Amino acid sequence: ILRVDSWKTRARREAETALNLQSDLAEAHFALGQCIYWMDENYEDALAEFAIAQRLSPSNANVGVLVAAIHRRQGHWEECLAAFEKIQRLDPENPNIVRNLVFTNSALRRWPEAARAAQRLRAMAPDSLVARIQTAYIDFQWKGDTTALTSAFGQIPAREDPDGVVTSCNWEGAMLERDFARAERVLAASPLTEVSYLNGGLTPKSFLAGCTSVALGDPVLASKNFEASRKVFESAVREAPNVAERHANLGLCYAFMGQKENAIREGRRAVELKPESKDAYDGAIMNCCLALIYARVGENDLAIPLIERLLRTPGAVDSVNYSITVNDLKFRWEWDSLRSDPVFQKLVSTN
């Protein structure tokens with residue numbers, strides 16, 4: 001953490017030095033704006049710096065991307081989409097802009113628009129795993145179709161999976177189809193100890209293995225796996241106690257371990273650190289984690305009203321097991337404890 005802090009201090013100092021040397025340098029205003037955005041999470045002051053950068057360099061699409069991203073975090077979803085569409089006209093060959101259109105339309109559950117953007121992204125970046133993954137998740141979340149998730153990545157060798165995203169997608173597809181034995185084999189075939197799954201950094205593979213063990217009805221193996229991942233998640237919280245995602249991940253681990261009080265404490269702490277009023281995008285995700293925590297520890301009366309609200313909340317959508325869409329709730333085994341509740345039944349029967 002001290003090393004990260006030193007990088008932050010250096011980045012801000014470099015930006016401020018550049019401005020002192022040349023106050024009308026667009027790149028310097030852009031750099032300072034990024035410091036204010038990422039480090040301070042002060043969106044209004046960051047937008048002010050980006051506005052200067054845009055005035056000085058109106059063709060710089062990278063500035064527009066961050067302006068649109070801030071609108072998204074502020075909950076100004078229509079402004080966000082309009083901004084991304086505008087900068088796409090400035091830089092039509094930039095796949096990152098189209099990728100953000102995929103994410104934003106998915107966050108709004110505008111599935112036809114998200115699917116069209118995903119197809120554009122695949123055409124622009126045919127070798128992109130991100131494009132294939134996002135297309136597959138849209139097929140699932142929109143139509144309940146798991147075909148793309150279960151077939152798109154099966155032929156990719158483990159050696160071509162450096163961050164574990166292919167492993168996690170293969171595992172996810174098997175879990176969604178409730179082929180838990182296949183999910184177990186997917187994890188066993190990967191030499192990695194960490195994979196790309198939960199937000200906030202790489203996820204210990206033992207966490208996915210623990211989830212699989214629970215689904216298979218093997219509490220002894222589940223306990224062993226979750227104990228290994230618990231140590232990783234607790235260490236991550238100690239390293240950065242003000243990072244909401246780390247508390248959310250630890251809370252999920254505690255919930256699957258059956259540690260009710262610890263799980264709820266961590267889930268609520270994540271929401272406190274990143275409320276939707278502060279960050280409409282990631283704040284909604286923190287509440288998704290809390291909803292799953294409530295469901296896993298038997299607090300159905302807390303889980304179901306939160307799920308009901310999140311189904312109407314932009315941003316409460318992700319490529320992971322706490323995502324709140326009708327098809328996530330319908331297919332994922334993690335929500336099985338709620339299936340006898342008539343309100344939950346009504347929620348998952350809507351289109």
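## A tour of the helices and loops

Serine 235 is partly exposed, at 27% relative accessibility. Select this residue to start; it sits in helix α13, residues 219-239. Now add leucine 250, 15 residues away along the chain. The two C-alpha atoms are separated by 9.7 Å. Keep in mind throughout that this is a predicted model.

**Stop 1: helix α15**

Select residues 260-273, which make up α15. How far apart are the end C-alpha atoms of this helix? They are 20 Å apart, and this agrees with the 20 Å that 14 residues should span at 1.5 Å a residue. Next, colour the buried positions. These are Ala263, Ile264, Glu266, Gly267, Ala270, Val271 and Leu273. Show α14 (244-257) and α16 (280-296) as well, since the buried residues of α15 pack against both.

**Stop 2: two loop residues with positive phi**

Most residues other than glycine have a negative phi. Two exceptions are worth a click.

Go to glutamate 41, in the loop between α2 (26-40) and α3 (43-56). Its phi is positive, about 55°, although glutamate 41 is not a glycine. Is glutamate 41 buried or partly exposed? At 32% relative accessibility, glutamate 41 counts as partly exposed.

Then jump to arginine 178. Look for this residue in the loop between α10 (165-176) and α11 (180-189). Arginine 178 is not a glycine either, yet has a positive phi of about 60°. With a relative accessible area of 35%, arginine 178 is partly exposed.

**Stop 3: α3 against α4**

Two packed helices are described by the angle between their axes and the distance between the axes. Show α3 and α4 together. Their axes are 10 Å apart, and the packing angle is about 155°. That angle makes α3 roughly antiparallel to α4, because angles over 145 degrees count as such. The crossing is left-handed.

Now turn on side chains. On α3, pick Tyr43, Ala46, Leu47, Phe50, Ala53 and Gln54. On α4, they meet Val63, Gly64, Leu66, Val67, Ile70 and Arg73. By class, the contact of α3 with α4 has nine nonpolar, two polar and one charged residues.

**Stop 4: α4 against α5**

Keep α4 (residues 61-73) and add α5. The axes of α4 and α5 come within 8 Å and cross at roughly 165°. The two helices are therefore roughly antiparallel to each other. α4 passes α5 in a left-handed crossing.

Which residues of α4 meet α5? Select Ala61, Gly64, Val65, Ala68, Ala69, His71 and Arg72. Their partners in α5 are Trp77, Glu79, Cys80, Ala83, Phe84 and Ile87. The residues of this contact divide into nine nonpolar, two polar and two charged.

Stay on α5 (residues 77-90) and move to glutamine 88. Glutamine 88 is buried, with a relative accessible area of 14%. Leaving aside neighbours within four places in sequence, glutamine 88 is in contact with Ile97, Val98, Leu101 and Arg120.

**Stop 5: helix α8**

Finish on residues 129-143, helix α8. The 15 residues should span 21 Å at 1.5 Å a residue, and the end C-alpha atoms are 21 Å apart, which agrees. Highlight the buried residues, among them Ile133, Tyr137, Ile138 and Phe140. Gln134, Thr135 and Gln141 are buried in α8 too. What do the buried residues of α8 pack against? Show α6 (95-107), α7 (111-124), α9 (147-151), α10 and α18 (326-331) to see the partners.

Note on methods. Residues are numbered from 1 along each chain as its sequence is written. This is a predicted model: local features need pLDDT of at least 70, side-chain atom pairs count only at pLDDT 80 or more; totals for chains, interfaces and linings use all residues. Side-chain values use heavy atoms; hydrogens and water are left out. Helices (H or I, at least four residues) and strands (E, at least two) are DSSP runs, numbered from the N terminus. The expected span of a helix is 1.5 Å times one less than its number of residues. Buried means under 20% relative accessible area, exposed over 50%, partly exposed in between (1.4 Å probe, protein chains only). Contact means heavy atoms within 4.5 Å. Axes are lines fitted to C-alpha atoms, for helices over the stretch in contact, and angles run from 0 to 180 degrees between N-to-C directions. Angles under 35 degrees count as roughly parallel, over 145 as roughly antiparallel, 65 to 115 as roughly perpendicular and the rest as oblique. A crossing is left-handed if the near helix is turned anticlockwise from the far one by less than a right angle, and right-handed if clockwise. Ala, Val, Leu, Ile, Met, Phe, Trp, Tyr, Cys and Pro count as nonpolar, Asp, Glu, Lys and Arg as charged, and the others, Gly among them, as polar.
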